[in-house]
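The exercises below ask you to read a protein model closely, and each one is followed by a solution that goes step by step. Try each task with the structure in view before you turn to its solution.

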Amino acid sequence: MSDPGASLDQWQEKETGEAFTVQNPRLLKVELSETTVMSKNGAMVAYQGQVNFEHQGGGIGRFMKKAVTGESLRLMKASGSGEVFLASHAMLVHVVRLSEDAMTVNGTNILAFETGIDWDVTRVKGGAAGMLAGGLFNIHLRGSGLVALVTDGEPMKLDVGEAPTFGDPQAAIAWSSGVTTTLKTDVQAKSLIGMGSGESVQLGFQGQGWVLVQPSEGRIVPTA
């Protein structure tokens, strides 16, 4: 009798021994024997072995910021000797390495990062424009280690130093340490800029570095 599981071998777990292993374009495996991670709350889809989960308060300052930002930026620490599998709404997973550097990630696009990386919750300033944009809370990461991002579709990397650069706040998912941001309103661009950005609010980028943009304003996740 044939093994019914044999036809599923194409989806067998990948074993590399590395801290982060992308199992398929939408699923990340973390080897906790190699590292300890902070992951987005709710990102765990499976785990094997001895895994400890701990919700992170991060001190009173970060706790207060997370209370304001809502669930999208709440983090959970995973440690132990097993394996944890992470995903977010079947979005594409990308692993990048920080080497004594910094980057900022849109809160909805962070999946996980190693605990050796220092982090804080930041907000794009912009007065009334910031209020219209809404939800512009990000995670600022600094140090060395692995970071896993998720995107809704294949992303595009733009060189901010080449020309004035603007984007939909929900489409711009990450930017490098040499880049600063501002908010701008442009009624004339309302028919072109994604409607998810509110009243044609655009996120402007200046400086030397890059910004990563996804071809979407992000997944709309139904609430219970």
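**Exercise 1: Salt bridges**

A search of the whole structure, which is a predicted model, finds 4 salt bridges. Task: find out which residues K29 meets in salt bridges, and state which residues are linked in a network.

Solution.

Step 1. Begin with E13, which forms a salt bridge with K29, and note that the closest N and O atoms of this pair are 2.9 Å apart. The pair links distant parts of the chain, since K29 belongs to strand β2 (residues 27-31), whereas E13 lies in the segment before β1 (20-24), and the two are 16 residues apart.

Step 2. Turn next to E15, whose side chain meets that of K29 in a salt bridge with an N to O distance of 3.2 Å. Here too distant parts of the chain are linked, with E15 in the segment before β1 and K29 in strand β2, 14 residues apart.

Step 3. The side chain of K29 also meets that of E31 in a salt bridge, with 3.6 Å from N to O.

Step 4. Put the pairs together: E13, E15, K29, E31 and E83 are linked in a network of salt bridges.

**Exercise 2: Buried or exposed?**

Task: decide for K29, E13 and E15 whether each is buried, partly exposed or exposed. The cut-offs needed are under 20% relative accessible area for buried and over 50% for exposed, with partly exposed in between.

Solution.

Step 1. K29 has a relative accessible area of 0%, and therefore counts as buried.

Step 2. E13 has a relative accessibility of 26%, so it counts as partly exposed.

Step 3. E15 reaches 56% relative accessibility, and so E15 counts as exposed.

Step 4. For the remaining partner described above, E31, the result is buried, as it is for K29.

Step 5. To set these residues in context, consider the whole protein chain, where 43% of the 224 residues count as buried. The chain exposes about 11700 Å², of which carbon and sulfur atoms supply 54%.

**Exercise 3: The sheet that holds β2**

Task: describe how β1 and β2 are joined, and then give the order of the strands in their sheet.

Solution.

Step 1. Look first at the connection along the chain, where a hairpin of 2 residues joins β1 to β2.

Step 2. Then look across the pair: β1 and β2 run antiparallel and are joined by 4 bridges. As a general point, strands of a sheet pair through backbone hydrogen bonds, either parallel or antiparallel.

Step 3. Identify residues that face one another, including F20, which stands opposite V30 in β2, and T21, whose bridge partner in β2 is K29. K29, the residue at the centre of the first exercise, thus returns here as a partner in strand pairing.

Step 4. Extend the view to the open sheet, in which 4 strands follow the order β1-β2-β7-β4 with antiparallel pairing. The edge strands are β1 and β4, each of which pairs on one side only. From one strand to the next, the twist averages 25 degrees.

**Exercise 4: A nonpolar patch**

Task: name the residues of the nonpolar patch on the surface, and say where M44 is found.

Solution.

Step 1. The patch is formed by M44, Y47 and F53, which together have about 250 Å² of accessible area.

Step 2. M44 is found in strand β4 (residues 44-48), and at 30% relative accessibility M44 counts as partly exposed.

**Exercise 5: A second sheet**

Task: explain why β13 and β15 are edge strands, and name the bridge partner of G167.

Solution.

Step 1. Write down the order of this open sheet, which is β13-β16-β15, with 3 strands in antiparallel pairing.

Step 2. β13 (165-167) and β15 (179-185) each have a single partner strand, so one side of each is left without a neighbour in the sheet, and both stand at the edges.

Step 3. Neighbouring strands of this sheet are turned against each other by 30 degrees on average, direction ignored.

Step 4. Examine one pairing in detail: β13 and strand β16 (residues 201-207) pair in the antiparallel sense over 3 bridges. Within this region, the bridge partner of G167 in β16 is L203.

Note on methods: Residues are numbered from 1 along each chain as its sequence is written. This is a predicted model: local features need pLDDT of at least 70, side-chain atom pairs count only at pLDDT 80 or more; totals for chains, interfaces and linings use all residues. Side-chain values use heavy atoms; hydrogens and water are left out. Buried means under 20% relative accessible area, exposed over 50%, partly exposed in between (1.4 Å probe, protein chains only). Patches are made of residues with over 30% relative accessible area and no salt bridge: like charges are joined within 9 Å, nonpolar side chains (Val, Leu, Ile, Met, Phe, Trp, Tyr) within 5 Å. Accessible areas come from the Shrake-Rupley method with a 1.4 Å probe; for residues, only the protein chains shown count as cover. Two strands pair if DSSP finds at least two bridges between them. Axes are lines fitted to C-alpha atoms, for helices over the stretch in contact, and angles run from 0 to 180 degrees between N-to-C directions.
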